[in-house]
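The exercises below train you to read strands, helices, domains and contacts from a model. Try each task with the structure in view before you read the solution.

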Amino acid sequence: MTEIIESNVIKPEAIFDAMGAVVTRWTMGATAASAASFWRAELGDDPVEAELRLLALSSQFLGATVMTEPPSALRVLPDIPALALPIVPETLRPLVRRILAAGKDAASKAELVDFLAARGWTTHPADWMPDASDEDAPDVYAAWRDWAAFAAAGELTPRQTGDQLTPENWDDFWPAARKAALIGLRRRDPSAARALLEAKFGSENADARLRLLSLLSDRLSGDDVSFLESLAANDRAPKVKALATSMLARLGHGPAAGDDIAELAGFFSVKTKGLLRRSRVVHIETPKTPAQWQRRKALLDGTDLTSFAGALGLAPQDLIGAWDWNVDPAADAGLIKLISETGTDAQLAQAAAIISEHDATGLIVALAPRLAPAERTRFAAAGLRAHGIGFEMAQLIAGPAARLDDPMSAPAGTKLLAELRRDDAKPSDYAAELHALGLLAAQTAARQALQRLTGAGLLQGDPRLDMLRLNAALDDKGEKP
Amino acid sequence: MAIDLKAVEQLATDQSSLKAAAGLAKPAKWSGVGGSQDGALIWGECAGSGANPYRVMADLRDLGNKCTCPSRKFPCKHVLGLLWLNAESIVPFAPAETPAWVSDWLGRRRGTSAAKPASAAAPAGEKDLRTARIAEPEAAEDPKDAARREAQAAKRNEETERAILDALDALEQWIGDQLRLGLSGFIDDATARCRRIAARLVDGKAAVLAGRIDELPARLLALAAGDRPRGAVVELGKLVLLARAFRATPRDAEIRRAVATSETRETVLADPQAPRVNGHWEVLAEQVQTRRDGLVSQTTWLLNLTAHGPRFAMLLDFFPASAGRRGSVFTPGERFRAELVFYPSQQPLRALLVRRDAADETLTDEWPAPDGPISDALTRPLLAEPWTIDIPLLLPRGRIARDDAGHAWWRAADDTATLPIAGSVEGLLAGTEVMGAAAIWSGNRLTILAAQTPWGRIAGHD
């Protein structure tokens with residue numbers, strides 16, 4: 001075939017021109033040999049044989065010389081940008097990939113990504129990249145989220161990044177970079193961040209407004225009250241109104257109590273106890289019917305801490321102090337939710353301290369997102385030491401920035417070692433507990449834990465130890481709380 | 001942690017397993033043998049009958065074990081062989097970092113009593129180590145018997161050849177029919193029509209060709225609708241070429257491999273014509289595909305990092321889908337020294353692993369540069385084997401681009417070529433300079449196996 005072309009007997013252009021007709025005829029079921037008269041000698045006289053020979057020759061020609069023509073408009077995506085934190089060392093990437101692959105859901109992948117960011121590292125983009133809509137990804141990944149948004153949107157020019165966000169260049173930023181810049185501005189100059197938000201708020205959709213407003217939780221102060229009040233009164237979206245209302249409540253600006261609040265107060269009574277040092281106790285009446293349980297929950301969901309305390313004739317801090325914990329878990333959870341959504345920072349700290357003492361450590365998990373990292377670590381350590389909680393619970397309390405010094409000496413560690421030593425221990429036992437231990441231990445503690453666990457009979461290559469091994473091998477370059 | 005040979009004997013399901021294990025308890029059969037620092041785990045790779053070795057691992061604490069071979073016996077002869085090597089210290093089990101594939105297995109294990117001694121479960125006759133060790137002497141053969149056997153084999157060969165030639169006649173007839181009925185109808189009904197002729201080819205002992213025709217509709221449907229008539233002409237024309245080539249040289253091993261069956265591992269190893277290449281190899285990718293005929297094909301693509309020998313090697317194995325999912329044998333990106341033997345061919349590609357050393361991180365060779373202009377690389381193999389479907393090649397510097405419909409293209413940095421990509425490209429590969437890539441050109445579309453980028457070596461796309 002090639003020889004035929006090279007010997008200039010037949011020009012490739014001539015073959016090419018004929019191929020259209022040949023393929024069309026075959027597509028319709030007609031014979032095609034007559035359309036390739038230049039191959040008459042090669043095809044021979046037998047009409048059946050000629051079609052097969054033409055098929056073989058056409059196949060060679062079309063397979064080797066005809067390529068799909070690229071369209072004129074091809075779009076090239078910009079380079080995936082480098083991030084502000086370094087990528088985990090090459091030697092640890094296989095371990096990171098294995099932990100990512102073992103985590104079945106997005107939440108467990110997020111745990112690892114948060115852990116890495118807290119220790120000052122990021123993933124390799126071939127191992128993990130956030131989606132454009134991944135609001136929970138650490139801020140350091142903003143540039144990759146925007147790259148993904150850009151790839152999906154089909155635009156041709158990348159938008160702005162950096163931290164100099166102004167009302168004028170607001171629209172030049174992709175959402176993730178804008179969020180990162182706004183968080184930075186709020187930390188540097190809270191009022192400027194709020195003023196910027198006031199200027200641009202109306203032009204965003206409801207979901208975006210909700211996310212932007214939540215950024216004001218950081219450094220929330222009395223300066224924000226008038227903006228929040230205008231949103232609580234006038235915003236188009238009920239979700240935004242509700243968030244603004246709850247943020248106002250955190251600042252002690254609760255709404256006027258409605259009629260419902262008296263009904264809610266009816267589920268509780270304030271009594272006194274003790275003879276010498278008379279103190280008040282909030283007594284929780286047991287609802288009598290399922291409908292009453294429901295009603296109480298709905299009423300608790302619809303109020304704020306100050307109004308609720310007021311209806312019982314107490315100041316919020318007195319309500320928290322006088323609450324009868326561990327009697328009615330549903331009521332406890334309702335109050336904790338009120339505190340975390342509408343309480344001030346001081347009320348939150350007061351509640352955390354009290355429930356930590358009252359052996360109701362599980363409730364701290366609900367308060368944890370509003371606590372400072374150092375506080376979270378303290379409560380997690382206290383829970384482990386004094387209340388016998390497991391590493392999974394401790395990790396939920398401590399969050400991604402945890403660096404516990406000696407978790408293995410807590411009861412949870414002793415119990416874990418004993419369980420792993422049992423004769424009927426199975427290879428998949430306590431995988432979640434060991435993983436959580438790997439997330440919350442400080443680097444040195446992770447190394448010590450590995451020693452003790454392998455000493456107890458776990459193999460060094462045991463995949464349940466992956467998180468601990470990563471922690472032990474990864475230098476801690478993160479900001480310490 | 002030590003085990004004794006008695007334990008191996010107890011573990012074996014029957015005498016024949018033990019016998020086979022004795023045959024495998026030789027250093028030459030194994031590579032990458034090692035054990036964990038704590039002495040509890042041992043592992044190794046054992047050459048089986050396929051191109052890819054089997055990964056064998058065992059936990060000496062409870063004799064739990066796993067092998068990637070498709071055997072239904074548990075434990076298989078490879079596991080017994082590994083334990084035997086260990087019990088008799090036939091090779092050193094150097095303490096090493098536990099490989100990821102052993103850890104993965106450890107994580108999937110259920111329960112501690114994974115391996116009960118077979119004798120406790122089902123006594124399967126008497127097993128005896130001493131008998132297993134005795135190599136059976138080759139029975140001296142009567143020269144008359146040998147001659148008779150040879151004559152029978154020759155007759156069988158002739159019958160097979162006759163059957164294949166008949167099947168190829170039927171194939172050409174069928175191709176002619178498709179043209180007469182119109183390729184538009186063929187494209188619409190390709191799966192059923194191809195299945196019918198494939199069944200005829202299986203009866204006619206042209207099993208490899210049958211498998212290829214069974215996969216033809218999938219290749220056709222992967223093309224844009226407007227490109228399918230051209231694709232059908234290319235596919236059917238290649239079948240005509242292959243049928244004609246077989247008629248011309250029915251004894252040619254290379255053509256027979258494309259039509260009927262491949263030589264066995266032993267035949268290739270014994271063939272002085274089969275090129276042996278000692279080189280540095282990088283695992284580019286592994287492709288696992290379930291085929292319409294119920295077989296799963298496992299293809300490992302290797303890149304030769306040295307200057308001599310074929311640029312690529314393809315380790316190809318088939319196993320029944322009913323044998324279950326099989327673990328990978330290699331990790332993409334892994335590099336090692338190994339001796340490969342290639343099936344004799346004008347352009348050697350398909351190969352068997354003869355011997356390999358453990359993964360070696362000191363092999364830091366750069367990827368070789370492409371061997372010539374890209375248009376050559378795409379078509380040169382067709383000169384020798386015009387029926388070839390998959391053409392591996394190295395791509396020069398380039399980048400992924402997308403058209404308005406979202407389809408991906410690979411575009412050379414010097415703009416000499418823009419090739420359509422099979423499937424989609426997401427993530428990093430779409431957002432970085434590609435300094436070089438290894439790819440397969442197949443059915444007018446490109447599949448990238450691996451790429452060198454400013455982010456390092458990355459995997460290709462789905």
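In chain B, B:W409 stands opposite B:P420 in β14(B), and this pair belongs to the sheet treated in the opening exercise. The model is a predicted one, in which local features need pLDDT of at least 70 and side-chain atom pairs count only at pLDDT 80 or more, while totals for chains, interfaces and linings use all residues. Residues are numbered from 1 along each chain as its sequence is written, and chains are lettered from A and ligands numbered from 1 in the order in which they are written.

**Exercise 1. In which order do the strands of the open sheet of three strands in chain B lie, and which of them stand at the edges?**

Step 1. Helices (H or I, at least four residues) and strands (E, at least two) are DSSP runs, numbered from the N terminus, and two strands pair if DSSP finds at least two bridges between them.

Step 2. Following the pairs across the sheet gives the order β12-β13-β14 in chain B, with antiparallel pairing.

Step 3. β12 (398-402) and β14 (418-420) of chain B each have a single partner strand and stand at the edges, so one side of each is left without a neighbour in the sheet.

Step 4. Neighbouring strands of this sheet are turned by 30° against each other on average, with direction ignored; axes are lines fitted to C-alpha atoms, for helices over the stretch in contact, and angles run from 0 to 180 degrees between N-to-C directions.

Step 5. Strand β13 (residues 408-412) of chain B is joined to β14(B) by three bridges, and the two run antiparallel. The loop between β13 and β14 of chain B holds B:D415, whose phi is near 65°, a positive value in a residue other than glycine. Most residues other than glycine have a negative phi, and most peptide bonds are trans.

**Exercise 2. Describe the open sheet of five strands in chain B and the helix that packs on it.**

Step 1. The order of this sheet is β4-β3-β2-β1-β5 in chain B, and its pairing is mixed.

Step 2. At its edges stand β4 (64-67) and β5 (94-96) of chain B, each with a single partner strand, so one side of each lacks a neighbour in the sheet.

Step 3. Strand β1 (residues 30-36) of chain B runs parallel to β5(B) and is joined to it by three bridges, with B:G35 standing opposite B:P95.

Step 4. Helix α4 (residues 100-108) of chain B packs on the sheet, where it touches β2 (41-46), β3 (54-59) and β4 of chain B, and its direction makes about 55° with that of β3(B). Two residues are in contact if their C-beta atoms, placed from the backbone, lie within 7 Å.

Step 5. In the loop between β4 and α3 (77-87) of chain B lies B:P75, and the peptide bond from B:F74 to B:P75 is cis, with omega near 0°.

**Exercise 3. How many residues does each chain give to the contact between chains A and B, and how do helix α4 of chain A and α11(B) cross?**

Step 1. Chain B gives 56 residues and chain A gives 45 residues.

Step 2. Helix α11 (residues 228-248) of chain B supplies nine residues, the largest share of the side of chain B that touches chain A.

Step 3. That side divides into 26 nonpolar, 17 polar and 13 charged residues, where Ala, Val, Leu, Ile, Met, Phe, Trp, Tyr, Cys and Pro count as nonpolar, Asp, Glu, Lys and Arg as charged, and the others, Gly among them, as polar.

Step 4. The axes of helix α4 (residues 47-65) of chain A and α11(B) come within 7 Å and cross at roughly 120°, which makes α4(A) oblique to α11(B). Angles under 35 degrees count as roughly parallel, over 145 as roughly antiparallel, 65 to 115 as roughly perpendicular and the rest as oblique.

Step 5. Among the residues that meet in this crossing are A:L52 and A:L55 in α4(A), and B:V233 and B:L241 in α11(B); by class, the contact has nine nonpolar, five polar and two charged residues.

**Exercise 4. Which domains divide chain B, and how many residues of domain 1 and domain 3 are in contact?**

Step 1. Chain B is divided into domain 1 (5-133), domain 2 (145-259), domain 3 (265-356) and domain 4 (374-459), with bounds that come from an automatic or database domain assignment.

Step 2. The centres of domain 1 and domain 3 of chain B, taken over C-alpha atoms, are separated by 24 Å.

Step 3. In chain B, 10 residues of domain 1 are in contact with 16 residues of domain 3.
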